[in-house]
Amino acid sequence: MAKKALITGVTGQDGGHLAHLLHEKGYEVFGIIRGQRNPKREVFEAEFPFVQLIEADLLDTSSMVRAVQLSLPDEVYNLAAVSHVGYSFMNPQLTAQVTGQGVINILEAIRLSGAEKSVRFYQASTSEMFGGLAYNRPEKGYDESSIFHPRSPYGVAKLYGYWSVVNYRESYNMFAVNGILFNHEGPRRGVEFVTRKISNAVARIKLGAQKDLHLGNLDAKRDWGYAGDYVEGMWRMLQQDTPSDYVLATGETHSIRDFLDLAFNEIGVSDWSSYVVLDKAFERPAEVDLLLGNPAKAEKELGWKRKVDFPALVKMMVEHDLSIEGAKL
Ligand code: G4F
């Protein structure tokens, strides 16, 4: 019989990649969709006709119980969150409820359905739980034993979710794991995130549809991988004999300036300074200056390794945006 998976956040970047991966692996895939007449539904159904959508909301545990009872999943992937760090500063309480408390709600929904012994649970934890250079950065990058020091309402809420997963594993013997994922990008990324904002703007500048690009802190460094590689790691975590938490990362870090160099290079521009406008509106009250992950445990125990490197990622994103933006003209 086909395995069944339930994905929250299925309409997001990782949800799309994961739905495709699980479908290819022969899973019956269920996804949570939020809200009445969600405008994303039509577009989503056109690309993912194989995903059975269930209307529910992480903030409403009874609806999550219903989703678990309807889908009877073998695996649950909690990818739903208020996921934009900048937005979380403007909406800290909503972020706490969805990104933090939401984890408890779905874990409780699994327990209330009596499925805590049969379901394997994946929690989308994040490198934003680490604080950056000033906060205990190990030589080889952050790993599973590094100290946390979140620097945003988003990071704080994710840390609550992280410890909730550990607590449910220890208290109820649940197969529940945290994937501590460093930044992962690609053509499915929303334009509110810096990589896609840049690739999209570069394409539009090339096509004459945009003049400049407003950005905040260009000196921050991130460990950027390709989202398609990372969902494979999520799945592998749930196929292990025993539950454990894993860092997924590339082991390299690059600045926003590095991303700009490569992206503008794709359209033949070597000096992007006349296109980029520094704009305080995109700076954050507290910044994580540097993220570098050490994926050694995942490489050893899961046999996972990223396939797409940084230059290939930037190229993929700019080429994609040139193609979709070109088609709009
Ligand atoms: O692309 P970002 O918004 O991603 P950020 O904050 O690193 O968070 C992403 O990765 C996390 C994993 O570490 C996830 F947990 C999280 O959900 C999300 O996917 O910003 C990256 C960097 C920051 O330092 C930001 O200050 O880019 C800097 N930046 C500079 N100008 C900008 C901009 N970020 C955005 N979004 N927009 C700008 O105009």
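1. Let's start with the surroundings of the ligand. The residues of the shell around the ligand fall into three groups: 10 are nonpolar, 8 are polar and 7 are charged. Keep in mind as you look that this is a predicted model.

2. Which residues come nearest to the ligand? The shell holds 25 residues, and the nearest are Ser83, Thr126, Ser127, Tyr154 and Arg284. Try finding these five names on the structure before you read on.

3. Now for some individual contacts, each made with an oxygen atom of the ligand. In tyrosine 154, an N or O atom of the side chain is 2.8 Å from a ligand oxygen. Asparagine 183 also uses its side chain: one of its polar atoms lies 2.7 Å from an oxygen atom of the ligand. With valine 194, the polar atom belongs to the backbone, and it is 2.9 Å from a ligand oxygen.

4. How much of the ligand does the protein cover? Taken alone, the ligand exposes 710 Å², and the protein buries 97% of that area. It may help to know that the size of an interface is often given as the accessible area lost when the parts come together.

5. Two elements give two or more residues to the shell: helix 7 (194–206) and strand 8 (213–215). Valine 194, from point 3, has the number at which helix 7 (194–206) begins.

6. Let's step back to the whole protein. It is divided into domain 1 (4–181) and domain 2 (190–222 + 253–283 + 308–328). Notice that domain 2 is written as three stretches of the chain. The centres of the two domains, taken over C-alpha atoms, are 28 Å apart. Why is the ligand said to lie between the domains? Both domain 1 and domain 2 give residues to the shell around the ligand, so the ligand lies between them.

7. Finally, here are two backbone details worth a look. Most residues other than glycine have a negative phi. Arginine 37 has a positive phi, near 45 degrees, and is not a glycine. Arginine 37 sits in the loop between strand 2 (28–33) and helix 2 (40–47), and it is exposed, with a relative accessible area of 79%.

8. Asparagine 173 is another residue to check. Its phi is positive, at about 60 degrees, although it is not a glycine. Where does asparagine 173 lie? You will find it in the loop between helix 6 (153–172) and strand 6 (175–181). Is asparagine 173 buried or exposed? Asparagine 173 is exposed, and its relative accessible area is 62%.

Conventions. Residues numbered from 1 in each chain as written. Predicted model: local features only at pLDDT ≥ 70, side-chain atom pairs only at ≥ 80, totals over all residues. Heavy atoms only, no water. Near = heavy atom within 4 Å. Polar contact = N/O pair within 3.5 Å; in protein donor to acceptor, adjacent residues only side chain to side chain. Areas by Shrake-Rupley, 256 points an atom, 1.4 Å probe, with all protein chains shown as cover. Helix = DSSP H or I, 4+ residues; strand = E, 2+ residues; numbered from the N terminus. Nonpolar A, V, L, I, M, F, W, Y, C, P; charged D, E, K, R; others polar. Domains from an automatic or database assignment. Buried < 20%, exposed > 50% of the residue type's maximum accessible area, 1.4 Å probe, protein only.
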